[in-house]
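Student: I would like to go through this model with you. Could we begin with its confidence and then turn to the folds?

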Amino acid sequence: MIASISVILAMSALYITFPESISAQQEDNVIHTHTGGIITTTGEIIDPVYTATTDPEYTEATIEFDPMEYLREFDYGEVSTLPDGTTLREFTIIAEDDQIMEVSPGIFFNVWTFNGQVPGPTIRATEGDIVRINFINNGSKPHTMHFHGIHPAEMDGVFEIVGQGGKFTYEFEAGPVGVHPYHCHVMPLEEHIVRGLYGVYIVDPKEGRPAADEMVMVLNGFDTDFDTENNSYAANSIPFYYQNNPIQINTDELIRIYVLNMVEFDPINNLHLHGNLYYYYPTGTSLVPSFYTDMITLSQTERGIMEFQYEFPGKYLFHAHKVEFSEKGWVGIFQVNDNSQQDEKSAEKVEYGS
Amino acid sequence: MEVSRKQSKGKLIASGIIPFAFLVLLIAYIFGPGSDVLDLGVPLPEITMEKVDFVDSEIQVTVRNTGPIPVEVVMADINDRIQPAAIEPDRFLERYETALVRIPFEWNVAEPYRIGLTIEDGTRFEKEIEAAAPALEPSLELVGFFALIGTYVGIIPVMIGLLWLPFIKRISKQKYHFFLALTAGLLFFLAIDSIEEALDVSEENLAGSFNGVLLVATVIVLSFLGLYYSGEKLIKRAASSRLSKPVAIALMISIGIGLHNFGEGLAIGAAVGLGSIAFSTFLIVGFALHNTTEGIAIAAPMSRGKGLVGKAMIGKLAALGLIAGSPAIFGAWVGGFVYSPFTSVIFLAIGAGAIFQVIVVILRWIREEGDKNFSSGAVASGFAAGMLVMYLTSILV
């Protein structure tokens, strides 16, 4: 009793004597620099970790975007079977151009969206399926959906401009096999794309691909000050996100990434993987890889499938080897966990494609 | 009678206040809370990086919100590459509020850097630094170094210029007028030089909201009027005191030149502070040559001082030389250690106003001495020669 009272007295005496030093210690923040240094500040750190939230108390954003969720999220549509036995996959896609997204920690930017996100939802079908897109334009400007792939001219989303409040139904047979972009094709085209109206469209081969931990990476950027240069770059919109939140994968497990380059303004982008090489399937149209490499360069809307597995656990970087882009956010980490110890866990967690 | 006078006084006050009251109402109507009369257009945010310091493994940026609306500073970059950083005290900046952004960065001496800050709407602001140099740490050694430079640039050349006094004393009235006009020409050049420098600094470092050009113009006029008023008083009093009119004029010239030399000191201190050593060496040599002519400017009126002989004369001359020259030392300290573009602009503009006032005084004196005549060959050629000499020595800077 006496001891505890004396401790409290001693503490309060200390606090009265040195209030500044104690409160200063409580307030100090620490920055971890990119070169490994550490500095302390009594102020705020302006490299905060991105938090996806639409809570108005913390953010001006009107839409929520979680890159970790987007990474492994595939929209297979509403599935039904047509009288001739063909699978019909129906999707509803709504375009808007008044949403505010936190495109980088603390930066709130008016993006144009398909279903309230950038990139838009990953549309996935199997070769030969009928894909039906009920497109609604809730934006203030005309918009369309233009799919790369094979389809009739009137389904190309170029000449059939959908005005404010308008609707259009795109319907075509899924094909060819591979990974393709879709995007708005209204002029000025660069603006309609770079503001966020794009997404990934995957066509699986009928026979399927080997089971794998599958992911989608759209390489993109935002020009937040309209000087026709990107202010930030990323895989899946948010700069440095996968560096601050490493992607968890397992040793000896096949990883398949559907990569699409949607960066505007800069003629090329690329993807370099550390401590490993990947098999590369350009556009994913062939089941036989064309390259075994750790570095592929992609131009606008160029895309492909990358497959690899890690033998050794640990942290591995992946980033643009156009290093300017990686220093402006297009960099991430694979946290490779030892598979032998957590077989059950990973089996639960991983959802295999198709 | 008494009542009506009171009434008329009341009317007078009312008639003075009524328009003012209407003005207040108008402003309240336009800008008051809940008013949407002028709710047009979008206010654009603006921040200004007023100062960049290169310290140990860190670049420190003093940033001010110079726009019409509050901003948040949320991202920092060096050469357009995003860097983690800290902002003190916090990232929220009200109008005209400043903050210190600390960006950890292993910078290299003498290399150029572009510092970028991005605010919450994604607008990026950039400041270019021509060559990085370590920020000067105020030390006794450096204080002494700047004092020495200030002495070289300010005091010694002015003193050397003063040595022409015996020469000017012996010459004819015509030639004397030539030298007075020469002084006016020299000073006119210095005034323009100061204005140019003030406008440059405000253009490069001050936000548009400070209205750089108008700020400079206003301060020049205020400085001119202030010194004009006090100068007249000084001359009037000189008539009845032991201070003769020539000394009073020389004193005013010294004060004007002193304010100008403060600006020169600022330029040198800032150049050393910014690490442009070669540039500052040129500045020192150039200003030294240049400032010798300022000695002539002080000597010219002094040479007609009556009853100024021997020690008294030397003492006064030394004092005037110090008044004119020593501000260069203070300028170098301020420029090197606590450089602020705003105060620099103010000092340069005050200097320019002071010089214009001195020119007016000299011209008036020439007119009084020279039989109300400005158009003599001596005056015209003197003024022209003054400008020309200054221009030629300024090329060295």
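Student: Among the elements of chain A, which has the lowest mean pLDDT and which the highest?
Tutor: Helix α2(A), residues 19-27, has the lowest mean pLDDT, 41, and strand β16(A), residues 255-261, the highest, 98. pLDDT is the predictor's confidence in each residue, from 0 to 100. Helices (H or I, at least four residues) and strands (E, at least two) are DSSP runs, numbered from the N terminus. This is a predicted model, in which local features need pLDDT of at least 70 and side-chain atom pairs count only at pLDDT 80 or more, while totals for chains, interfaces and linings use all residues. Residues are numbered from 1 along each chain as its sequence is written, and chains are lettered from A and ligands numbered from 1 in the order in which they are written.

Student: What is the mean pLDDT of chain A?
Tutor: The mean for chain A is 88, and 85% of its residues reach 70 or more.

Student: Where does pLDDT stay under 50 in chain A?
Tutor: One such stretch is residues 13-26 of chain A, for which the model has two contacts beyond four places in sequence; a contact requires C-beta atoms, placed from the backbone, within 7 Å. Residues 345-354 of chain A are also below 50, and this stretch has twelve contacts beyond near neighbours in sequence.

Student: Turning to chain B, at what angle do α2(B) and α9(B) pack?
Tutor: Helix α2(B), residues 140-162, and helix α9(B), residues 327-337, pack at about 135 degrees, with their axes 7 Å apart. Axes are lines fitted to C-alpha atoms, for helices over the stretch in contact, and angles run from 0 to 180 degrees between N-to-C directions. The two helices are therefore oblique to each other; angles under 35 degrees count as roughly parallel, over 145 as roughly antiparallel, 65 to 115 as roughly perpendicular and the rest as oblique.

Student: Which residues make that contact?
Tutor: Among them are Phe146(B) and Ile149(B) of α2(B), and Ile329(B) and Trp333(B) of α9(B).

Student: Now the sheets. What is the strand order of the five-stranded open sheet?
Tutor: The order is β3(A)-β5(B)-β7(B)-β2(B)-β1(B), with antiparallel pairing; strands pair if DSSP finds at least two bridges between them. The edge strands, each pairing on one side only, are β3(A), residues 44-45, and β1(B), residues 47-55.

Student: How many bridges pair β1(B) with β2(B)?
Tutor: Eight bridges, in the antiparallel sense. Val55(B) has Glu58(B) of β2(B) as its bridge partner.
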